[in-house]
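Me: I have a model to go through with you. I want the reasoning behind each label, kept brief.

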Amino acid sequence: MIPVHFWQSARLKFTAPLRNERIAAGSAHADYLGLENIEPWTGRIIQLESKPDEATDGDAGLANVFREGDVLFGKLRPYLAKACHAPRSGVCSTELLVMRPAEPLHSKFLLYSLLTPYFVGAVDASTFGAKMPRASWDFIGSLEIRFPPIETQSLIANYLDRETARIDGLIAEKERMLALLEEKRAALVSRVGTRGLDPNASLKPSGQEWLGDIPAHWELCRIKFVATALDQGSSPIAANTPASPNELGVLKLSAVSKGRFKREENKALREADEQEEAFALRAGDVLVTRSNTPELVADVACVPVDEPTLLLPDLIYRLRVQDGKVLPEYLTYFLATAAARAQIRRDARGSSGSMVKVSQGHVLSWLTLLPPLSEQAEIVGHLQRAEERFRSISRDVSSSLSLLSERRAALITPPSPARSR
């Protein structure tokens with residue numbers, strides 16, 4: 001192998017010039033490739049062919065032409081590192097730069113060079129535009145890349161193909177494990193939240209098709225009969241950064257996620273008036289998202305401790321319940337069960353198929369199960385202990401995922417000449 005300090009260097013625009021071919025085509029084109037079809041940081045194409053009924057750009061737009069062996073790099077939000085090697089000819093989004101590697105460059109070696117943290121970081125630092133940051137070819141083309149002779153590039157590219165495929169396989173296994181853990185957790189919540197902890201308990205018909213049989217000694221009632229208040233927050237002007245410990249913050253929609261409360265998901269406020277400060281959270285508040293996709297609308301979480309510096313936004317309801325009737329933690333678990341989600345889907349409304357809403361009237365009319373309070377406490381304790389076990393396993397798996405991703409990034413980052421001597 002040739003020592004790295006003997007590698008050549010050249011500006012990208014001289015070794016991989018832009019193709020600059022465009023035709024009138026959109027995502028309905030049989031061989032269309034969009035940014036959404038490229039997996040970040042891996043160079044993998046998720047789906048090359050777009051179906052006409054999935055078209056988003058229409059037929060009247062322009063598309064870049066690419067040929068087999070070209071290398072594509074996303075100039076929009078370059079921190080996502082969306083780049084790929086074209087396995088065959090086609091057309092792509094104009095947000096993808098199409099480069100034709102010249103004779104000194106092996107196309108796969110070029111792809112790995114563009115996916116290094118150094119290159120992606122340099123391009124990302126050059127972006128313009130706040131909402132849709134993108135980089136220009138003038139800057140990208142001026143960046144230098146380093147490369148050995150073509151034979152060595154081929155050896156390196158083949159080695160990286162094998163090793164990254166192995167690491168990607170391990171990453172996929174870890175991601176499947178995380179998905180299975182979440183499925184197992186959701187199944188446990190659904191089973192225990194609707195049947196309790198005693199597998200031998202006598203059952204009775206609930207009278208609701210979506211719920212089925214329930215323990216004979218449990219009650220069923222509408223939330224309005226156990227609620228003391230149902231509020232909707234406001235939309236104060238906030239920063240794009242989380243609040244510091246002594247600052248006021250307003251929750252983001254992502255603070256309510258699959259039954260979990262994520263307090264770090266908030267945006268800092270410079271100030272709030274007295275009316276807005278009335279939306280501060282306290283322990284036992286049940287949060288219900290009022291607008292989202294059909295799968296996520298009416299997601300729930302329970303606030304575990306008083307949060308005097310966190311305020312309720314307008315996209316989340318705050319439900320408070322009567323002491324002695326229902327534990328807020330149990331109600332949260334019940335509303336996260338598969339059965340309860342059935343009545344939520346029934347009520348979700350929206351003019352768009354992708355975003356729907358539930359009203360305060362919907363929330364108050366939903367049915368909830370009411371085991372005896374002592375049994376509610378047992379169910380909550382059981383599920384909280386299980387939750388901690390799931391979180392512990394998930395943290396371990398996520399940690400190993402991070403290590404694999406770091407290993408992959410280090411693998412494709414060439415050493416500097418100073419380190420090779």
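Reply: Go ahead. Bear in mind that this is a predicted model.

Me: How many disulfides does the structure hold?

Reply: Zero.

Me: Why is C84 not bonded to C92?

Reply: A disulfide needs two cysteine sulfur atoms within 2.5 Å. The closest cysteine sulfur to that of C84 is in C92, at 8.0 Å, so the gap is too far for a bond. C221 is in no disulfide either. Its nearest cysteine sulfur, in C302, is 17 Å away.

Me: What makes C84 and C221 buried or exposed?

Reply: The cut-off for buried is under 20% relative accessible area. C84 has 0%, so C84 is buried. C221 has 16%, so C221 is buried.

Me: Which residues have the most contacts inside the largest nonpolar core?

Reply: V288, L319, Y330, F334 and W366. That core has 43 residues. Elements giving two or more residues to it include β19 (286-289), β23 (316-321) and α7 (328-335). Another core, of 36 residues, lies apart from it, with A10, L110, L111 and I167 among its members.

Me: What does L319 touch beyond four places away in sequence?

Reply: Its contacts there are I223, A227, A229, L230, G284, D285, V286 and L331.

Me: How do you know that the span of α5 agrees with its 46 residues?

Reply: At 1.5 Å a residue, α5 should span 68 Å. The C-alpha atoms at its ends are 66 Å apart, so the two values agree. Just after α5 comes G196, with a positive phi of about 80°.

Note on methods. Residues numbered from 1 in each chain as written. Predicted model: local features only at pLDDT ≥ 70, side-chain atom pairs only at ≥ 80, totals over all residues. Heavy atoms only, no water. Buried < 20%, exposed > 50% of the residue type's maximum accessible area, 1.4 Å probe, protein only. Core = buried A, V, L, I, M, F, W, Y, C linked by side-chain atoms within 4.5 Å. Helix = DSSP H or I, 4+ residues; strand = E, 2+ residues; numbered from the N terminus. Contact = heavy atoms within 4.5 Å. Expected span 1.5 Å × (residues − 1).
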